[in-house]
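Some labels used for a model call for a reason. The questions below ask for it.

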Amino acid sequence: MQKAKTVVMSGIRSTGFLHLGNYFGAIRNYVRMQEEYDCFFMVADLHSLTTHPETKELRQNVTRVIAENVACGLDPKKVALYCQSHVPETAELYLLLNMLAYKGELEKTVTFKEKVRQHPDNVNAGLLTYPVLQAADILLHRAKLVPVGKDQEQHLEMSRNFANRFNHRYGEIFPEPYAFNFGEELIKVPSLDGKGKMSKSENQMATLYLSDSDDDIRKKIMKAQTDSGPTEPGTPKPDYIQNLFLLLRLVSADEVLKKFEKDYDHCNIRYGDLKKQLAEDMVRFIAPIREKAAAIQNDSVYLQQIMEEGTAKARKSAGETMRLVKDAMGLAY
Ligand code: TYM
């Protein structure tokens, strides 16, 4: 069955508070894509169990991800916004794709090796097959475009491999899915201390969350690493300075960015002023999202309605794909 509009799919794990990396790597593009594409966006609660087996805060984490997505401008009437575990077809396709995924390639996945280092006492099979579950999320809707940040590139490559293996063995069902950022490079929002990237569960003092108070935002930015500035024109920016400029580019006006670029080139930049300006622009950016998300988070009737409508749309599309998959595999008797 040919779909009328290009299908878009993406997901966010429910492992903590959303941050600027999630916004600029993913959600901003969800919002930009919702008008033109057939969009499926979900909260990956099953994926979060691979590293966060404690479920006491899961409900709150899942609803907050939904609330924050809507607060950022996603319209649940225009897209399917749902929770992964509400679509059981995901688990069914995951099982079938597992027969096409090899232990060797799964063990070589960068994110798997990272998690093994971080949690050596919990190297479970779900963690090993994490990319297969992600491929199931995407292929379940026969999506072609997947708006994600740079850290997801390898998972997308694996999704293409599983899709191609399936098509080769059983018949052409799945299009190849590609990571998408409107033709630009995929984004990586670095942490404020210049060590690694912003993250939901690590590096919290160097990560700006969409739920941070105005004071926290100011404090975190004022503490960001700087130095005494360049002394010779043409000096390349060190990584931690580059990071501050990247954040300025994301939330400040063009003239502001140009002024500080010029000051840097003329070797008279004052990083204290840059950080103050960035902090105020960041507060202006984050505060309305934080307030809107808090209001939605308190509206359990609205949240329930979003999830139910999202599930219905996602299961309709999933059911169509699973029929094609089973027919192609000869699992139809
Ligand atoms: P997760 O929950 O770690 O992140 C959600 C989205 O935010 C992006 N992101 C970033 N982008 C730029 N800079 C950063 N510092 C940064 N941190 C996170 C991620 O690239 C992602 O787009 N495996 C996925 C969840 C998932 C999924 C899927 C994604 C499950 N199924 C199907 C796409 C399609 C993950 O852990 O994302």
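Q: What makes the pair between Gly149 and an oxygen atom of the ligand a polar contact?
A: In this predicted model, a backbone N or O atom of Gly149 is 2.8 Å from an oxygen atom of the ligand. The cut-off for a pair of N or O atoms is 3.5 Å, so the pair counts as a polar contact.

Q: Why is the pair between Gln152 and the ligand called a polar contact?
A: An N or O atom in the side chain of Gln152 lies 3.1 Å from a nitrogen atom of the ligand. That is within 3.5 Å, so the label applies. Of the accessible area that the ligand has on its own, 710 Å², the protein covers 98%.

Q: Which elements give two or more residues to the shell around the ligand?
A: They are β1 (7-13), α1 (20-33), β2 (38-44) and α8 (130-139). The most comes from β1, with five residues.

Q: What makes up the 28 residues that surround the ligand?
A: Tyr130, Asp137, Asp151, Val189 and Lys200 are the closest. By class, the shell holds twelve nonpolar, ten polar and six charged residues. Tyr counts as nonpolar, and Asp and Lys count as charged.

Q: How do you know whether the radius of gyration of the chain agrees with that of a compact globule?
A: A compact globule of 333 residues would have a radius of gyration near 20 Å; the chain has 21 Å, so the two agree.

Q: What share of the residues of the chain count as buried, and by which cut-off?
A: The share is 51% of the 333 residues, where buried means under 20% relative accessible area.

Technical notes. Residues numbered from 1 in each chain as written. Predicted model: local features only at pLDDT ≥ 70, side-chain atom pairs only at ≥ 80, totals over all residues. Heavy atoms only, no water. Near = heavy atom within 4 Å. Polar contact = N/O pair within 3.5 Å; in protein donor to acceptor, adjacent residues only side chain to side chain. Areas by Shrake-Rupley, 256 points an atom, 1.4 Å probe, with all protein chains shown as cover. Helix = DSSP H or I, 4+ residues; strand = E, 2+ residues; numbered from the N terminus. Rg over C-alpha atoms; globule rule 2.2 N^0.38 Å. Buried < 20%, exposed > 50% of the residue type's maximum accessible area, 1.4 Å probe, protein only.
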